[in-house]
Amino acid sequence: MKKQKKAYKIVIDYIKQQIRNRELMIGELLPPERELSEKLGVSRNSVREALKILSVIGVISSRQGAGNYVSCDFDHYLVDTFSMMFILGELDYDQINQIRIGLEMQAYALAVKYADNSEILQMQEYVEKLDRSQNEEENTLWDKKIHYAIAKASRNVLIQNILNALSEVMDVFIEDMRREILRTEERKEMLQEFHKQMVEYLIKRDAKNGQKALMQHFEMIDPVSYTHLTLPTNSRV
């Protein structure tokens, strides 16, 4: 005997199919709960359950008094997933760093190909602000902005979302890690030199040397985690 599909799954499958068929796009309003209930022959409670699940995983978002919209907001879902993996011991600091370096290396190679002049100028501005900053919190902010800008310039949304989620997990669970890295003047100066090189080689569209500077940056941050890693000879772009 064929197992009957649960009512809330009928709603989820319907909305997913609407998105696949391009009948619902990002920013568009979903039909009201009552309309979905009547159309699909399920209860209003089943519709609400389905919408709650879709909201949790970032497919839709709710606006007070305005209904539910397709949002494609997966950052928070990834943060929650990685956070729970970290809490449950399925993900540790070394694993986060290993994924992060692989993604940032690829992001850099893509940024060399796709970054425009305005993006590179923005990165140079961040580097200059980090150079002038004497405040530990500001140091952390500008350091993060440089890396986010490179990820954004990759034009790869998946890389951006995963890196942002991993960064948030590190900030929450590895207390003051970034701040400790930039605490001493000597470390700050060395890291700053690597940041400058990363941007300079972007201008020159030199992926090999830019990735080398990025690897040196990571090796300095955590030599134990990165001594076993080698610079890829060929980056796929």
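**Exercise 1. Locate R100 and E104 in the fold, and describe the contact between them.**

Both R100 and E104 belong to helix 5, four residues apart, or about one turn of the helix. Helices here are DSSP runs of H or I with at least four residues, strands are runs of E with at least two, and both are numbered from the N terminus. The model is a predicted one, in which local features need pLDDT of at least 70 and side-chain atom pairs count only at pLDDT 80 or more, while totals for chains, interfaces and linings use all residues. Residues are numbered from 1 along each chain as its sequence is written, and side-chain values use heavy atoms, with hydrogens and water left out.

Step 1. The contact is a salt bridge, with the closest N and O atoms of R100 and E104 2.9 Å apart. The term requires a side-chain nitrogen of Lys or Arg within 4 Å of a carboxyl oxygen of Asp or Glu.

Step 2. R100 counts as buried because its relative accessibility is 8%. E104 has a relative accessible area of 7%, so E104 is buried. Buried means under 20% relative accessible area, exposed over 50%, and partly exposed in between (1.4 Å probe, protein chains only).

**Exercise 2. Describe the largest cavity and its lining.**

Step 1. Two cavities of 30 Å³ or more are found in a search of the whole structure. On a 1 Å grid over the protein atoms alone, a cavity is a set of points where a 1.4 Å probe fits but cannot get out; a pocket is an open set with protein on both sides within 12 Å along at least five of seven lines; lining residues have an atom within 4 Å of a point.

Step 2. The largest cavity holds about 90 Å³ of space. Grid points are joined across faces, edges and corners, and a volume is the space filled by probe spheres set on the points.

Step 3. Its lining has 11 residues, with R100, E104, H147, Y148 and S167 nearest the centre. Helix 5 (93–114), helix 7 and helix 8 are the elements that each give two or more residues to this lining.

Step 4. By class, the lining of the largest cavity has four nonpolar, three polar and four charged residues. Ala, Val, Leu, Ile, Met, Phe, Trp, Tyr, Cys and Pro count as nonpolar, Asp, Glu, Lys and Arg as charged, and the others, Gly among them, as polar.

**Exercise 3. Describe the largest pocket in the same way.**

Step 1. The volume of the largest pocket is about 220 Å³. Among its 13 lining residues, Y126, K145, Y148, A149 and K152 are the closest to the centre.

Step 2. Two or more lining residues come from each of helix 6 (117–132), helix 7 (136–153) and helix 8 (157–173). Helix 7 gives the most, six residues.

Step 3. Six residues of the pocket lining are nonpolar, four are polar and three are charged.

**Exercise 4. Compare the sequence separation in two salt bridges that involve helix 6.**

Step 1. K129 and E125 meet in a salt bridge of 3.0 Å, N to O. Both lie in helix 6, four residues apart.

Step 2. K196 and D131 form a salt bridge of 3.9 Å, N to O. K196 lies in helix 10 (residues 185–203) and D131 in helix 6, so this pair ties together parts 65 residues apart in sequence.
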